[in-house]
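Me: Please take a close look at one part of this protein for me. I would like to follow its charged side chains and how they pair up.

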Amino acid sequence: MAERKATRKPERNLKKARIEKPLAKKEKNQRQPVNSDPAVSFSSKDKGKAKETARNTPKPQEQSSLPSSFVLVAGSYERLLYGLNGTVIPSESGYEFHLKPIFIFPAHVSCIKAVAASPNGGKWLATGSADEIVKVWDLGRRKEIGGLMQHQGSITYLQFPSRSHLLSASEDGTLCLFHARDWTVLRSLKGHKGRVNSVAVHPSGKVALSVGQDKVLRMWDLMRGKGSASTKLAKEGEVVRWSITGSSFVVQSQSSIDIFSTDMALRHTITHPSRIHSVRFCKRVNGEGELLLVAAEDKKVSIYNVPEDPEQLPMIIAEMIGHSNRVKAVETLDIALPQPTLNNKDMRGMTTIVCTISSDGKIFVYDLAALPAKPDDNLQLHPLTEYDTKGTRLTCLTIAEGRPSGDSKPVNGKRKHEEEEDGSEEEEENEWEAQPEVEEEVEEESE
């Protein structure tokens, strides 16, 4: 199998991932800078706990940079990859959503288990399968770029921490951080004994959490490429997620959700009425604060209010209904509303969509603006649009951003916002690659 050679700087020795076929010629300046000021700083303790020494709340995204359209991509047990283009158009009631299929094809030789799209208008789509391959696609051109074969087990999780980096996890117990320009392996993180189930990167992009079959919660220093802390869990963690502010995180297992502070201290345990499959934090559209969306076996997504006081327990305030089978995944995206709706003083310039997939083969889109600041008891939200795959067993979901509402017309073949980012790409590369690559196995810390 041919392997493309990566250019190496004299002082560095980057490990190159094996690829299924030569990668396409790399695009110029596809990155946004990572904040050079660390949002959090963690240090290890003897018992594998981490300590927060500083935190800055991430700044909200400017409305002018919000996408005015979106692309939903869902994978399935049947190896099919579904791509749907989502649009928002004005209507008599304000605005409405539409979904249109843009591609449906078998993407792997085995079931698709993970899918991720690069953020902030990025071009890449990554899919992971039980065939142990991470495939990379150019979403705009709808073209396969290559297959990364770094793992020796089924791919369980994929995420783009930034437009220029891809993080993967596998049943082989490892995590890999890839450079999205030439697809070299910047970090290879080893430490889990068995399958890695889920990974969550802190909003700062500096650290990540992972949970796996070994019932261990691990924290990774992505800058140095090694583990910084770990702690034993009483059960196998299936999903881990940071809150929007990065001041807490949750670990889901079966029907329970454990809420932790950043020092890995357990604050609360929520027992959900049904078996959980996915959780996701998001901000309110109306009012202030965060919400926790819980997709479960009970065919709906429960909406928990997350109190500002960390001592208070989150409670269910509403639910999203409509599916006829278990809800497998839930994702959110902030989008800009069409300009005509802004003539109404009661309308906002943006909203948050909530997308879900289910074993019933349907993909739903909800509008979080339908949730009032103080919802009534037993409030139920219905989907505003849907797509029916006719019984396909959907497994994973991601949302890619469309064109920003403030995007300008092309000038000399390049958009204005891309030109503004040209000088920032190298800054981000240096940020992630400030330390030499480390491939280190974290030893089990004493309990």
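Reply: Here is a walk through the salt bridges, with a short view of the whole chain before it. Keep in mind that this is a predicted model.

The protein has 447 residues, and 55% of them are buried. It holds two helices and 31 strands. Among contacts with a separation of 6 or more, 55% join residues 24 or more positions apart. The protein exposes about 19,900 Å². Carbon and sulfur atoms supply 45% of that area.

Now the charges. The count of salt bridges comes to 13.

Start with Arg393 and Glu78. Their closest N and O atoms are 2.9 Å apart. This pair links distant parts of the chain, 315 residues apart. Arg393 sits in the loop between strand S29 (385-388) and strand S30 (394-401). Glu78 sits in the loop between strand S2 (69-76) and strand S3 (80-91). How much of each is open? Arg393 has a relative accessible area of 45%, so it counts as partly exposed. Glu78 is at 27%, so it is partly exposed too.

Next come Glu297 and Arg326, which form a salt bridge with the closest N and O atoms 3.0 Å apart. They are 29 residues apart in the chain. Glu297 lies in the loop between strand S22 (290-296) and S23. Arg326 lies in the loop between S24 and strand S25 (327-336). Glu297 is partly exposed at 29% relative accessibility, and Arg326 is partly exposed at 28%.

The loop between S22 and S23 also holds Lys300. The side chain of Lys300 meets that of Glu319 in a salt bridge, 2.9 Å from N to O. Glu319 lies in strand S24, so the pair ties together parts that are 19 residues apart in sequence. Is Glu319 buried or exposed? Its relative accessible area is 16%, and the cut-off for buried is under 20%, so Glu319 is buried. Lys300 is partly exposed, at 23%.

Some salt bridges share partners. Lys123, Asp138 and Arg141 are joined this way into one network.

Finally, look at a group of like charges. Glu288, Glu308, Asp309 and Glu311 form a negative surface patch. Glu308 is in the loop between strand S23 (301-306) and strand S24 (315-320). It has 74% relative accessibility, and exposed means over 50%, so Glu308 counts as exposed.

Conventions. Residues are numbered from 1 along each chain as its sequence is written. This is a predicted model: local features need pLDDT of at least 70, side-chain atom pairs count only at pLDDT 80 or more; totals for chains, interfaces and linings use all residues. Side-chain values use heavy atoms; hydrogens and water are left out. Patches are made of residues with over 30% relative accessible area and no salt bridge: like charges are joined within 9 Å, nonpolar side chains (Val, Leu, Ile, Met, Phe, Trp, Tyr) within 5 Å. Accessible areas come from the Shrake-Rupley method with a 1.4 Å probe; for residues, only the protein chains shown count as cover. A salt bridge is a side-chain nitrogen of Lys or Arg within 4 Å of a carboxyl oxygen of Asp or Glu. Lys and Arg count as positive and Asp and Glu as negative; His and the chain ends are not counted. The place of a charge is taken as NZ of Lys, CZ of Arg, CG of Asp or CD of Glu. Helices (H or I, at least four residues) and strands (E, at least two) are DSSP runs, numbered from the N terminus. Buried means under 20% relative accessible area, exposed over 50%, partly exposed in between (1.4 Å probe, protein chains only). Contact means heavy atoms within 4.5 Å.
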